[in-house]
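Thank you for letting me take a few minutes of the group meeting. Please keep the sequence and the structure open while I talk, and follow along as I go from one pair of packed helices to the next.

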Amino acid sequence: MRKIRERIRKIYRKHTPSVKVPLIILMVMFCMIPLLVESRILASSSRQSQVERRIIDVQNQCQILSNKMSRTGYLTNSVVDNAAIDTELSLLSDIFSGRILIVNSGFKIVEDTFSLSKGKTLISNEVIRCFQGENTSRYDSLKHYFVLAIPIPEFEQETGTITTGKTAGVMIVTASTESMYSLEDSLNDKASLYEMMIFVILLILAVLSVHFIMKPFGSLIASIRRVGEGNLDEDVNEEAYRETKQISETINKTLEKLKAVDQSRQEFVSNVSHELKTPITSIRVLADSLMGMEDTPKELYQEFMHDISDEIDRESKIIDDLLTLVRMDKASSGLSCCQVQINGLIEMVLKRLRPIARKRNIELIFESKRDVSADIDEVKFSLAVNNLVENAVKYNKEDGWVRVTLDADHKFFYLKVADSGIGIPAEFKERVFERFYRVDKARSRETGGTGLGLAITKSVVLMHHGAIRVDSVEGEGSTFMVRIPLIYIP
């Protein structure tokens, strides 16, 4: 069974039907099924009513004949000539395509329009009930005939009235309804032809209707296909239905994001090219200057070589940061999480950065509200903390301070890095986490920044399913706030 289901899925994927097919089928079904059900119900009720009318008609005719037989003494007076009654019985049985039996009080058949059972005895439930004064009827729908049992009352010759409650005999009438079924079959054949014609008309109307309904979706697909060919500037605008309007709006929002990503990619490539080219250009200028000077003093030579070494270090740092970002971009599966004591990790990072801070007389302060342990990738998270604190030192004022605060609740731990530095203008706060974006490019060159530190930090935080944001006032300092889950769930 599994192989059969897989084969069916493969065939379905290979020959995926259009949504037009089920729509056409549903439209035709919703129109045809009520029509077919109604026609069958009408046919059945019509047949039933015809049978009931036939039974009532035969019963009335036979009742009249029964009363006539009673008055003429058909069963009680052997002297009377019954030829006329027999003729009427035969004629009536021919009209209704049936058979009539006359049974006397001794349960003997005195007349049979088929001349097969005359003189025989007939005792049945219908006959017995009829002698008790009841009219009985029975219909066999499978063999298409009905049976009537009609009492023949006694007639008082002296008074000229029919005796109530006394029965001289019974008239058993068997009539066929086969002709009704033949007529019904003929009508059903004609109805089937009409139904087929209606089906064809409905199918054509359904195809045209579905084509008209699905036309906006075709336009939508064509627009999406053009966008897929690279025309990102084209807006998808199909507002025929609410659904197509919602799809168009969603696609346009996605296109805007794609455009932003594409623009960011172009800017990133441009920035990478510029950042990698700048140190090389400086190295070439310094090297050409050295080669163009004769009898270069040793002091000047050493100064140029020191500058060249600094530019090489800068190039190496840019390449290292780029490689770090590439590794970050792969997936969070690259995390090697384990339970780490966060307080000790932060103290270790601050210990490494204190020599840098001392050069500018910047005080590093660590405030821990409680001991915190969490599931983190120690190497990557150390890099993120290092970037935040190092930036706070680099973009700070002389004799300033950097305060690192650690706190936690039952679900997250919170790291806050605040400084007394130059701050970030309000219009630039949303872009500080972009790659190679720097608010003060001149100061970044002085401090040796690459513009990748905060991008790396944000990537690390997101890999840990955390969040990062910044609050800053220009000229008054910045505060970076990080929130990380205590338990890492892949």
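**How the helices pack**

I will begin with helix H2 (residues 20–72) and helix H3 (residues 83–95), which pack at an angle of about 170° with their axes 11 Å apart. Because angles over 145 degrees count as roughly antiparallel, under 35 as roughly parallel, 65 to 115 as roughly perpendicular and the rest as oblique, H2 and H3 are roughly antiparallel to each other. On the H2 side the contact is made by Gln61, Cys62, Leu65, Lys68, Met69 and Thr72, and on the H3 side by Ile85, Glu88, Leu89 and Leu92. The residues of this contact divide into 6 nonpolar, 2 polar and 2 charged.

Let me pause here for the words I am using. The model is predicted, with residues numbered from 1 along each chain as its sequence is written, and local features need pLDDT of at least 70, while side-chain atom pairs count only at pLDDT 80 or more. Totals for chains, interfaces and linings use all residues, and side-chain values use heavy atoms, with hydrogens and water left out. Helices (H or I, at least four residues) and strands (E, at least two) are DSSP runs, numbered from the N terminus. Axes are lines fitted to C-alpha atoms, for helices over the stretch in contact, and angles run from 0 to 180 degrees between N-to-C directions. Contact means heavy atoms within 4.5 Å. Ala, Val, Leu, Ile, Met, Phe, Trp, Tyr, Cys and Pro count as nonpolar, Asp, Glu, Lys and Arg as charged, and the others, Gly among them, as polar.

With those words in hand, let us step back to the whole protein. Its secondary structure comes to 11 helices and 12 strands, and buried residues (under 20% relative accessible area, where exposed is over 50% and partly exposed is in between, with a 1.4 Å probe and protein chains only) make up 36% of its 490 residues. Among contacts between residues at least 6 apart in sequence, 66% join residues at least 24 apart.

Now to the second pair: at what angle do the axes of H8 and H9 cross? The axes of helix H8 (residues 342–359) and helix H9 (residues 378–394) come within 10 Å and cross at roughly 40°. That makes H8 oblique to H9, and the crossing of the two is right-handed (the near helix is turned clockwise from the far one by less than a right angle, whereas anticlockwise would be left-handed). In H8, Ile342, Leu345, Val349, Leu350, Arg352, Leu353, Ile356 and Ala357 meet Glu378, Phe381, Ser382, Val385, Asn386, Val389, Glu390 and Val393 in H9. The residues of this contact divide into 11 nonpolar, 2 polar and 3 charged.

Two further residues of H8 deserve a look. Met348 lies in helix H8 and is partly exposed, with a relative accessible area of 38%; Met348 and Asn386 are 38 residues apart in sequence and 9.8 Å apart in space, C-alpha to C-alpha. Arg358 also lies in helix H8 and is exposed, with a relative accessible area of 58%. In the loop between H8 and strand E7 (363–368) you will find Asn361, which has a positive phi of about 60° although it is not a glycine, and Asn361 is exposed at 51% relative accessible area.

The third pair brings H9 back with another partner. H9 and helix H11 (residues 453–463) pack at an angle of about 140°, with their axes 9 Å apart, and they are therefore oblique to each other. The crossing of H9 and H11 is left-handed. Here Lys380, Phe381, Leu383, Ala384, Asn387, Leu388 and Asn391 in H9 meet Gly453, Leu454, Ile456, Thr457, Val460 and Met463 in H11, and the residues of this contact divide into 8 nonpolar, 4 polar and 1 charged.

How many of the residues of H11 are buried? H11 is mostly covered, with 9 of its 11 residues buried, including Ala455, Ser459 and Val461. After H11, in the loop between H11 and strand E11 (467–473), comes His465, which has a positive phi of about 60° although it is not a glycine. At 38% relative accessibility, His465 counts as partly exposed.
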